[in-house]
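Work through the exercises below with the structure open beside you. Try each task before reading its solution.

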Amino acid sequence: MRRRTMLGHMALMLLAPRVWPVAAFADEPGPARPLQATREDWKEILPEDRYHILFEEGTEPARSSPLDKEYGDGTYICAACYQPLFDSADKFDSGTGWPSFTRPLPGAMDTKRDFKLIWPRTEYHCSRCGGHQGHVFKDGPPPTGERWCNNGLALEFVPQGQPLPPLRDPGQ
């Protein structure tokens with residue numbers, strides 16, 4: 001009986017939509033409240049290429065972002081709402097041509113299943129503004145074994161020692 005239950009649980013984990021990154025940080029302090037800004041609000045303040053990535057779920061060409069080779073100490077923030085998303089200590093060179101991280105900051109991301117390329121992938125978005133960031137894969141290095149593969153246009157880098165910009169909400 002126990003074996004059948006474990007197999008059923010494993011099958012459910014494979015078939016169910018992945019929400020594990022958010023659930024994994026449920027006890028951590030969360031980010032700022034979700035925004036009520038509309039797509040039109042974001043379109044007014046973001047350059048067209050960033051808007052396309054963040055709110056039309058586009059993907060930039062590999063090796064097109066200077067952030068792929070940025071390895072200074074600091075914080076990576078959402079290019080739309082400025083919520084902190086990643087610490088530079090979690091960045092690594094995945095060789096894919098996109099900025100990659102082993103984990104996001106606690107509560108910074110929401111995830112959903114993506115079937116755009118036929119096979120399922122886990123897509124992630126900024127938990128504050130909903131801006132599309134990239135996809136997470138299970139082929140990363142320790143300590144998590146995850147590769148959070150991010151569009152560079154969806155991020156801005158704030159070097160350590162510089163203040164983070166105030167959170168942005170175009171809907172106010």
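A salt bridge is a side-chain nitrogen of Lys or Arg within 4 Å of a carboxyl oxygen of Asp or Glu. By that rule, the structure holds five salt bridges. Keep in mind that this is a predicted model.

**Exercise 1. Confidence**

Task: Find the average pLDDT of the chain, and the stretch where the pLDDT is below 50.

Solution. Start with the whole chain. Its average pLDDT is 83. Of the residues, 78% score at least 70. Now look at the low end. Residues 1-31 have a pLDDT below 50. In the model, this stretch still makes 26 contacts beyond near neighbours in sequence.

**Exercise 2. An open sheet**

Task: Work out the strand order in the open sheet of three strands, and say which strands lie at the edges.

Solution. Step one is the order: E2-E1-E9, with antiparallel pairing. Step two is the edges. Strand E2 (84-87) and strand E9 (155-159) each pair on one side only, so they are the edge strands. Step three is the angle. On average, neighbouring strands of this sheet are turned by 30 degrees against each other, direction ignored. Step four zooms in on one pair. Strand E1 (residues 74-78) joins E2 through three bridges, in the antiparallel sense. Here Thr 75 stands opposite Asp 87 in E2.

**Exercise 3. Strand E8 and its partners**

Task: Take strand E8 (residues 147-150) and decide which way its side chains point, then trace its pairing with E4 and E7.

Solution. First, sort the residues by direction. Arg 147 and Cys 149 point one way from E8. Trp 148 and Asn 150 point the other way. Are these residues buried or exposed? All of them are buried. Next, count bridges. Strand E4 (residues 100-101) pairs with E8 over two bridges, antiparallel. Strand E7 (residues 132-137) pairs with E8 over four bridges, also antiparallel. Last, find the bridge partners. Trp 148 is the partner of Phe 101. Trp 148 is also the partner of Val 136.

**Exercise 4. A link between distant parts**

Task: Locate the salt bridge of Arg 50 and describe both ends.

Solution. The partner is Glu 156. The closest N and O atoms are 3.1 Å apart. Place each end next. Arg 50 sits in helix H4 (residues 48-55), and Glu 156 in strand E9. They are 106 residues apart, so the pair links distant parts of the chain. Now check accessibility. Arg 50 counts as buried because its relative accessibility is 18%, and buried means under 20%. Glu 156 is at 28%, so it counts as partly exposed.

**Exercise 5. Two further salt bridges**

Task: Compare the two ends of the pair Arg 103 and Asp 90, then do the same for Glu 146 and Lys 138.

Solution. Begin with Arg 103 and Asp 90. Their closest N and O atoms are 3.2 Å apart. Arg 103 lies in the loop between E4 and strand E5 (109-114). Asp 90 lies in the loop between E2 and strand E3 (91-92), 13 residues apart from Arg 103. Arg 103 has 33% relative accessibility, so it counts as partly exposed. Asp 90 has 11%, so it counts as buried.

Move on to Glu 146 and Lys 138. Their side chains meet in a salt bridge at 3.8 Å, N to O. Glu 146 counts as buried because its relative accessibility is 11%. Lys 138 reaches 53%, so it counts as exposed. Why can such pairs form at all? Side chains of opposite charge can pair when their charged atoms come close.

How values were computed: Residues numbered from 1 in each chain as written. Predicted model: local features only at pLDDT ≥ 70, side-chain atom pairs only at ≥ 80, totals over all residues. Heavy atoms only, no water. pLDDT = per-residue confidence, 0-100. Contact = heavy atoms within 4.5 Å. Axes fitted to C-alpha atoms, helices over the stretch in contact; angles between N-to-C directions. Buried < 20%, exposed > 50% of the residue type's maximum accessible area, 1.4 Å probe, protein only.
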